[in-house]
Amino acid sequence: MAINLTINGAAHNVDIDPDTPLLWVLRDEIGLTGTKYGCGIARCGSCTVHVDGQPAKACQLKAASLVGKQVTTIEGLSKDGNHPVQQAWKEVGVPQCGYCQSGQIMSAAALLARTRNPSDGEIEQAMSENLCRCGTYLRIKAGIRRAAQLGV
Amino acid sequence: MNAVNLSRRFFVQASLAASGGLMLGFHMPTAEAAVTEAKPWNTPVTGIEVNAWLVLDPDGTVTIRIPHTEMGQGGMTSVALLIAEELDVEWSKVKAVFADPNRHLRNNKEYKVMSTHGSQLVALQHPHLMQAGASARERLKEAAAQAWGVTRDKVEAKQGVLKSGSKSAPYAEFAAAAAKVTLDKEPAIKEDASQWWLLGTGTQRLDIPNKVNGSAQYAIDTRLPGMVYAAVKASPVPWGKLKSFNADAIKDQPGFIAVVELRAVEGKRGQPDMQDAVAVVATSWYKAKNALNMLPVEWDFGDSVTASSKGMSENAKKVLGEKGLISKEDPKALEVIAASKKVVTADYERPFETHLRMEPINATAHVQDDRVDVWSPSQDQSAAVLIVAEQLGRDPKDVYAHPVFLGGGFGGNGGGGTAVTRQAAEISKRLKRPVKVLWTREEDVAQDKQRPMAAARMTASIGEKGLPEAIFTRALWYTQDKQNQIGPATADYGIRNMPYNIPLRHHERHNLDTHIPSSTHRGPGANQTGFITEVFADEMALAGGWNPLDWRIEMTKELPDWQLVLKTLKEKSNYRTDLPKGEGMGIAAVECHGTIAAACATVSVTRRGQLRVEKIVIVADCGHVINPHAAKEQMEGAACYELGHAWVGGLDIREGRIVNTNMDTYNILRMDQMPDIEAHFALSGGKKWGGMGEPAGPPVPPAVANAIFAATGKRIRTTPFRQYDLTWV
Ligand code: FES
Ligand code: FES
């Protein structure tokens with residue numbers, strides 16, 4: 001079935017089963033591979049994207065439910081890779097293997113869009129569903145604090 | 001010193017650098033992918049090759065080819081730093097690309113080592129990497145000297161510029177000539193840290209920009225024209241035999257292409273060996289996975305279906321009462337213990353753990369008549385070539401592995417990677433088209449090669465000064481890997497070589513067979529037996545009335561490096577034993593991969609038993625540190641990784657199968673559980689070069705367990721901690 005999706009501001013017409021999770025539409029149909037598969041059951045946060053500005057797990061979103069909505073992926077977060085969260089991530093040196101980081105960055109960007117200067121508790125709450133096997137949590141926290149200074 | 005003779009290795013034009021098909025078939029992000037920053041592996045390399053590691057471009061760019069994998073440990077940056085230090089070029093001009101594994105094999109291991117494991121990259125490979133930089137520098141100087149009519153010692157090479165008197169030129173100008181220079185003698189490398197201008201300064205990693213915008217390519221991101229997708233399933237009880245399946249039942253499913261049967265090779269159960277499995281191939285992975293779920297499959301589970309964590313644990317208890325293989329014999333130790341008035345004894349156990357790399361197990365292969373291409377998250381890309389060649393019966397020189405970033409490694413992708421690489425090659429061969437094989441997370445956990453389960457019975461007699469006079473240990477280790485995972489290096493590693501000066505020691509071990517696939521895992525042995533030794537050390541110290549930190553300092557009096565680490569920990573940690581109930585500090589120290597790491601953990605436990613790990617101070621002696629930024633990152637990361645296993649992890653085996661196969665049931669540490677980590681170095685220097693990827697992990701769980709005892713009086717002897725009732729009054 002043909003479905004129209006708006007991703008990173010561009011229109012995409014994809015021919016898929018409407019139940020297909022957005023994650024696989026992005027990765028395998030459209031070729032936006034920055035959004036990652038980690039668990040497929042809403043438990044790791046690697047697949048986090050924004051839907052109308054809110055963080056959401058792409059492995060749980062059916063493609064058909066996104067018609068008429070704005071989807072933003074890591075590739076569309078900023079034009080030049082210089083969203084304050086990305087800048088802060090580079091300054092602090094957050095990523096290790098990097099695999100979870102698209103999801104971490106999207107969750108952090110959504111948090112800062114809601115709360116300019118989050119407390120440690122607010123950071124932990126907003127980020128606790130984004131897992132990192134490499135253990136970059138302390139640097140993620142530092143990155144969010146730095147991004148808050150840079151101003152989202 | 002590794003003298004490298006590079007004279008036979010010149011290539012005149014460096015665009016040849018990309019030879020071996022490194023640029024083939026990569027998917028480029030489409031325009032709406034806002035960021036298309038250059039990727040290390042497909043950026044065309046321009047300039048002139050000086051040696052296999054180095055290409056100099058007239059615009060000043062220095063391209064360094066990285067033979068090792070980047071799996072989050074900073075390996076890409078480490079290699080570039082070691083070479084740039086000796087070459088003496090501006091760091092901002094350095095660009096990293098992955099080296100070509102096919103070239104490495106074709107030219108008789110040209111890069112010496114491509115494998116990336118065992119925390120060895122810097123510790124063991126720094127001599128030849130630094131040599132590659134030093135050698136190029138001297139050749140550049142020699143080429144300039146010849147052109148300028150002076151001797152080489154009159155030419156200076158600094159920050160990319162060659163100079164002699166009034167003459168000067170950028171390195172690139174002499175790159176072609178340098179490639180043809182033969183030196184009488186290879187230059188010495190700068191082993192002494194006081195000579196370094198770049199190493200040791202704390203450098204930002206080269207891979208970071210690609211890892212904040214979605215452009216870093218992992219094996220799972222491979223997309224090829226005409227590619228199809230496969231989802232696979234092996235027997236839920238590992239190594240079960242495939243009896244039958246009914247492909248007809250799913251042939252009308254959307255996108256269905258084929259079912260491919262895969263077979264284990266009898267007797268082969270190593271890291272990259274395949275089990276019996278079925279693969280469903282479809283036009284997208286989502287469709288393949290759905291069709292696989294509907295495929296009727298029958299397995300013969302064999303006897304292993306009766307195995308369980310509980311059963312293995314009960315068996316361990318029984319076996320710990322039986323005599324094992326002797327790894328250090330001392331009958332006197334047994335006599336002294338038997339006659340002693342004061343004996344400490346306890347049993348310990350650690351369950352199986354899984355790697356759970358964030359990138360699930362996958363590989364892509366394209367098998368054609370004239371060449372084979374493969375993308376896999378292997379920690380040794382040259383071994384991936386050999387494994388695929390073996391699987392297909394092809395000449396390795398026609399097999400091209402394309403290095404990619406790894407979404408975690410942790411020892412799970414050692415050797416040529418996992419069985420998935422063979423699966424991808426096999427399926428592509430049969431279907432004659434490119435195929436990406438991706439395991440679901442559930443398959444990844446169920447069929448990964450796990451960290452072996454271990455247990456031990458520890459007994460010591462405490463003598464006059466409250467110090468142990470004799471120790472008798474018996475350890476066991478469940479593993480199926482009969483090649484690499486047996487012997488004193490595993491089951492009683494960390495026990496047998498504990499640093500403590502106990503006069504009489506007797507050690508035994510058992511290697512028990514299991515059907516659970518098992519293999520190397522970050523900090524092999526040191527994690528399991530390091531935990532056991534260090535909790536027991538706490539028990540011995542307290543039984544003798546000692547402060548556990550002072551006990552460790554006393555018991556390692558003759559060992560200067562241990563003294564340095566433990567005394568630094570004492571100074572940095574403010575360790576104390578007089579905290580109010582519900583708060584506690586704990587100490588542990590373990591040596592692995594040539595590095596001693598000691599940790600002091602501070603915890604709080606509420607009356608209702610809720611644990612919080614507040615802070616961990618870690619001190620490490622790895623001799624030298626080339627990049628403090630990355631080394632500290634590894635200390636934080638390893639601590640988090642290990643604390644996750646010890647606190648909330650543990651694989652659960654029932655009816656022969658692993659039952660907690662996704663992140664809702666197999667847990668790792670979350671941000672709100674992560675303690676503050678304070679990482680310090682206490683470097684002994686000299687000839688010591690230890691690893692940093694693993695050593696900071698092992699002391700963390702026992703330090704936390706010991707802190708929990710200090711806080712609550714509850715002694716933890718197995719993991720995960722969360723299974724203990726920690727309430728107190
Ligand atoms: S893949 Fe979606 S939350 Fe893990
Ligand atoms: S950086 Fe590797 S999983 Fe987070």
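# A chat about chains A and B

Guide: Let's start with how chain A is split up: domain 1 covers 2-75 and domain 2 covers 84-150. Keep in mind that this is a predicted model.

Visitor: Thanks! How far apart are the C-alpha centres of domain 1 and domain 2 of chain A?

Guide: The two centres lie 21 Å apart.

Visitor: And how many residues are in contact between these two domains of chain A?

Guide: On one side, 15 residues of domain 1 of chain A take part, and they are in contact with twelve residues of domain 2 of chain A. Strand S3 (48-51) and strand S4 (54-57) of chain A each supply at least two residues to the domain 1 side. S3(A) gives the most to that side, with three residues.

Visitor: What classes of residue are on the domain 1 side?

Guide: By class, the side of domain 1 of chain A that touches domain 2 of chain A has five nonpolar, nine polar and one charged residues.

Visitor: Can we zoom out? How many helices and strands does chain A have?

Guide: Chain A has five helices and five strands. Reading from the N terminus, their order is β-β-α-β-β-β-α-α-α-α.

Visitor: What does chain A span along its principal axes?

Guide: The C-alpha trace of chain A spans about 45 × 25 × 25 Å along those axes. There's also a check using the radius of gyration: for 152 residues, a compact globule would come out near 15 Å, and chain A has 15 Å, which agrees.

Visitor: What share of chain A is buried?

Guide: Buried residues make up 61% of the 152 residues in chain A. As for contacts in chain A between residues at least 6 apart in sequence, 62% of them join residues at least 24 apart.

Visitor: On to chain B. How many helices and strands are there?

Guide: Chain B comes to 15 helices and 27 strands. Its C-alpha trace spans about 80 × 75 × 45 Å along the principal axes.

Visitor: What does the globule check give for chain B?

Guide: Chain B has a radius of gyration of 27 Å, and a compact globule with 729 residues would have one near 27 Å, which agrees. Buried residues make up 59% of the 729 residues in chain B. Of the chain B contacts between residues at least 6 apart in sequence, 79% join residues at least 24 apart.

Visitor: Which domains does chain B have?

Guide: The assignment gives domain 1 (14-211), domain 2 (219-302 + 361-438) and domain 3 (309-353 + 450-723). The C-alpha centres of domain 2 of chain B and domain 3 of chain B lie 37 Å apart. Their contact takes twelve residues from domain 2 of chain B and 13 residues from domain 3 of chain B. The domain 2 side of that contact has six nonpolar, five polar and one charged residues.

Visitor: New topic: how many residues does each chain give to the contact of chain A with chain B?

Guide: That contact takes 50 residues from chain A and 55 residues from chain B. On the chain A side, the elements giving two or more residues are helix H1 (22-30), helix H2 (84-92), helix H3 (101-114), helix H4 (120-127) and helix H5 (137-150) of chain A. The residues on this side divide into 21 nonpolar, 21 polar and eight charged.

Visitor: I'd like a helix pair to look at. At what angle do helix H11 and helix H12 of chain B pack?

Guide: Helix H11 (residues 526-543) of chain B and helix H12 (residues 548-555) of chain B pack at an angle of about 100 degrees, with their axes 9 Å apart. That makes H11(B) roughly perpendicular to H12(B).

Visitor: Which residues make the contact?

Guide: From H11(B) there are Ala537(B), Asp538(B), Ala541(B) and Leu542(B), while H12(B) brings Pro548(B), Trp551(B) and Arg552(B). By class, this contact has five nonpolar, no polar and two charged residues.

Visitor: One last spot: where does Pro702(B) lie?

Guide: Pro702(B) lies in helix H15 (residues 700-712) of chain B.

Visitor: Does Pro702(B) count as buried or exposed, and why?

Guide: Pro702(B) counts as buried because there are 30 C-beta neighbours inside 10 Å, and 20 or more is the cut-off for buried.

Visitor: What is Pro702(B) in contact with?

Guide: Leaving aside neighbours within four places in sequence, Pro702(B) is in contact with Gly530(B), Phe531(B), Glu534(B), Val535(B) and Ala588(B). You can also look for Glu349(B): Pro702(B) and Glu349(B) are 353 residues apart along the chain, and their C-alpha atoms are separated by 12 Å.

Conventions: Residues numbered from 1 in each chain as written. Chains lettered and ligands numbered in written order. Predicted model: local features only at pLDDT ≥ 70, side-chain atom pairs only at ≥ 80, totals over all residues. Helix = DSSP H or I, 4+ residues; strand = E, 2+ residues; numbered from the N terminus. Rg over C-alpha atoms; globule rule 2.2 N^0.38 Å. Buried ≥ 20, exposed ≤ 12 C-beta atoms within 10 Å, placed from the backbone. Contact = placed C-beta atoms within 7 Å. Nonpolar A, V, L, I, M, F, W, Y, C, P; charged D, E, K, R; others polar. Axes fitted to C-alpha atoms, helices over the stretch in contact; angles between N-to-C directions. Parallel < 35°, antiparallel > 145°, perpendicular 65-115°, else oblique. Domains from an automatic or database assignment.
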